[in-house]
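Q: I am new to this structure and would like a close look at one part of it. Please take the place where the ligands sit and describe what surrounds them.

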Amino acid sequence: MNANSPSPRRFLPGAPLTGRIAVPGDKSISHRSLMFGALAVGRTTATGLLEGEDVMATAAALRAMGAGIERRDDGTWVIDGVGVGGLLQPETALDMGNSGTSTRLLMGLVASNGITATFIGDASLSKRPMGRVIEPLSRMGAAFTASPGANDSQTLPLTMRGAHPAVPIEYRLPVASAQVKSAVLLAGLNTPGVTTVIEPVATRDHTERMLTGFGADLTVEEVAGDRVIRIRGGVDLKPQDIVVPGDPSSAAFFVVAALLVPGSDLVVANVGLNPTRAALFDVLRAMGGSIDELDRREVGGEPVADLRVRHSGLTGIDVDPAVAPAMIDEFPVLFVAASVANGRTVTTGLDELRVKESDRLSAMAAALTAAGARVEEREDGLIIDGSGGEPLRGTADAITTHLDHRIAMAMAVAGLVSRDGVDVDDTAPIATSFPMFETLLAQARA
Ligand SMILES: O=C(O)C1=C[C@@H](OP(=O)(O)O)[C@@H](O)[C@H](O)C1
Ligand SMILES: C=C(OP(=O)(O)O)C(=O)O
């Protein structure tokens with residue numbers, strides 16, 4: 001993304017969403033396909049890989065550390081791995097762009113290789129907390145240094161020296177974060193002995209599922225309500241042929257748009273429904289949304305279905321904070337749904353939203369308020385009094401997205417259910433996770 005050239009856009013009310021669209025590949029699974037393929041011995045292929053800027057940042061970094069990564073003309077990605085422990089020292093800084101997942105997972109990989117790498121990122125990523133991975137990875141032996149003149153040693157740019165051999169740890173996650181869990185497990189791949197991560201609250205489990213498929217020695221056990229994940233280091237990974245399912249986090253924008261815009265009847269095809277990801281659809285159904293699963297099947301070891309979504313009157317609810325990790329990236333668009341529902345929606349336990357690409361609680365409270373919604377911002381959530389099905393007023397001035405793709409897409413959806421339209425200051429960040437967003441929106445409204 002070129003931070004110097006914002007792409008403002010106005011999203012207007014109009015046609016219902018109809019027909020059938022297919023969302024692009026899952027971002028979390030795409031990052032991991034490249035990373036695990038890069039560590040395997042031999043050639044991995046991936047079809048349906050998300051070709052968004054975040055995933056391309058991961059690809060570029062892995063290439064800089066010796067992996068062969070190419071896209072064939074038929075859209076298949078081919079990854080030639082260097083083997084566990086085989087990463088080379090990159091010659092230049094690794095540019096992580098806007099991507100927290102690239103940064104934290106690659107730091108995990110580098111942590112147990114005897115190489116030094118510098119991580120840089122855009123203005124949004126450079127504000128995000130890295131202490132959460134610095135702490136466990138330092139305990140494993142990695143050494144971090146802030147750039148000269150930096151006033152914070154817990155944010156990018158950061159240089160890290162991996163440890164070889166690294167030290168296995170047992171780590172209880174202090175925050176519900178799949179990125180932190182994955183960073184420690186990936187460091188564990190090249191660490192002698194057994195590295196253990198204890199999750200008091202389950203988060204997305206793609207790392208565990210996929211590493212098992214790649215032949216890692218990994219176990220998951222439930223112990224007194226905790227998930228205990230153990231990985232034995234030094235085991236070779238076997239290359240895989242991966243089919244990446246569609247991203248439920250991208251589908252979310254179309255599902256909410258179809259629920260809210262009168263007359264809509266849309267099939268969103270190929271939506272990944274891993275239970276650690278799919279809570280938004282349950283919450284929307286509990287609010288009265290008509291979302292039917294068609295042709296439930298397995299794609300790449302993940303449950304997938306086509307979702308048929310019909311316009312529905314929604315009723316506000318109290319969202320159980322226990323489901324938050326399974327829909328953590330979907331709250332911005334849920335807040336839009338709540339803004340036009342009947343009655344009050346209360347969300348709590350969402351402190352993690354403050355450390356995403358933007359502070360998503362304050363960004364969405366400000367944006368929705370500017371569009372005429374009734375929103376109260378609390379420390380750990382929003383309370384939203386819905387319009388009872390009436391359109392939102394719309395904005396007079398462009399809302400600020402803070403380099404956050406999900407704020408941009410959520411407010412685009414708000415524009416579809418507004419009277420006057422919603423101005424978004426910059427849609428360029430959408431390309432980090434969903435480059436086809438506006439094309440598919442036009443297709444669904446044609
Ligand atoms: O592991 C992953 O692929 C991700 C984990 C989540 O972040 P946290 O682990 O910081 O919650 C999520 O917000 C992000 O979009 C992708
Ligand atoms: C939080 C997100 O991604 P990341 O942490 O990888 O930047 C997201 O995609 O909403």
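A: Lysine 27 is a good residue to begin with. Its contacts, apart from residues up to four places away in sequence, are Leu50, Gly52, Asp54, Val55, Asp247, Ser249 and Ser433. This comes from a predicted model. Lysine 27 belongs to helix 1, which spans residues 27-39. It is buried, because 24 other C-beta atoms lie within 10 Å and 20 or more are enough to count as buried. Two of its contacts, Asp54 and Ser433, are also among the residues around ligand 2.

The wider setting comes next. The chain is divided into domain 1 (9-25 + 245-445) and domain 2 (27-243). Their contact takes 24 residues from domain 1 and 29 residues from domain 2. On the side of domain 1 that touches domain 2, 10 residues are nonpolar, nine are polar and five are charged. The C-alpha centres of the two domains lie 29 Å apart.

Now to ligand 2. The residues around it are Asp54, Ser99, Gly100, Thr101, Asp329, Lys356, Glu357, Arg406 and Ser433. By class, this shell has no nonpolar residues, four polar ones and five charged ones. Both domain 1 and domain 2 give residues to the shell, so ligand 2 lies between them.

Ligand 1 has around it Ser28, Gly100, Thr101, Ser177, Ala178, Gln179, Ser182, Arg204, Ile328, Asp329 and Glu352. Its shell draws at least three residues from each of domain 1 and domain 2. Two nonpolar, six polar and three charged residues make up this shell. Helix 3 (100-111) and helix 5 (178-189) each supply at least two of its residues. Helix 5 gives the largest share, three residues. Gly100, Thr101 and Asp329 appear around ligand 1 and also around ligand 2.

Asp329 therefore deserves a separate look, since it counts as buried with 23 C-beta neighbours inside 10 Å. It is found in the loop between strand 18 (318-319) and helix 9 (331-339). Leaving aside neighbours within four places in sequence, aspartate 329 is in contact with Ser249 and Arg406. Ser249 is also touched by lysine 27, and Arg406 is one of the residues around ligand 2. An unreviewed UniProt entry places the annotation "active site" on Asp329.

The unreviewed UniProt entry also carries "binding site" annotations. One covers Lys27, Gly100, Arg128, Gln179, Arg360 and Arg406. Another covers Lys27, Ser28, Arg32, Ser177, Gln179, Asp329 and Lys356. Lys27 and Gln179 are listed in the one and in the other.

Three further residues with these annotations can be placed in the chain.

Arginine 360 lies in helix 10 (residues 360-370). It has 25 other C-beta atoms within 10 Å and is therefore buried. Beyond residues up to four places away in sequence, it touches Phe331, Pro332, Leu353, Asp404, Arg406 and Ile407. Arg406 is thus a contact of arginine 360 and of aspartate 329, by the rule that C-beta atoms lie within 7 Å.

Arginine 32, like lysine 27, is in helix 1. It counts as buried, with 25 C-beta neighbours inside 10 Å. Not counting residues up to four places away in sequence, arginine 32 touches His206, Thr207 and Met210.

Serine 177 lies in the loop between strand 10 (170-172) and helix 5. With 22 C-beta neighbours inside 10 Å, serine 177 counts as buried. Apart from neighbours within four places in sequence, serine 177 is in contact with Arg132 and Thr203. Serine 177 is also one of the residues around ligand 1.

Last, the chain as a whole. It has 12 helices and 22 strands. Of its 446 residues, 55% count as buried. Among contacts between residues at least 6 apart in sequence, 78% join residues at least 24 apart. The C-alpha atoms fill a box of roughly 60 × 50 × 50 Å along the principal axes. A compact globule of 446 residues would have a radius of gyration near 22 Å, and the 21 Å of the chain agrees with this.

Conventions. Residues numbered from 1 in each chain as written. Chains lettered and ligands numbered in written order. Predicted model: local features only at pLDDT ≥ 70, side-chain atom pairs only at ≥ 80, totals over all residues. Near = placed C-beta within 6 Å. Nonpolar A, V, L, I, M, F, W, Y, C, P; charged D, E, K, R; others polar. Domains from an automatic or database assignment. UniProt positions renumbered as here; feature names shortened; annotations may be inferred. Helix = DSSP H or I, 4+ residues; strand = E, 2+ residues; numbered from the N terminus. Buried ≥ 20, exposed ≤ 12 C-beta atoms within 10 Å, placed from the backbone. Rg over C-alpha atoms; globule rule 2.2 N^0.38 Å.
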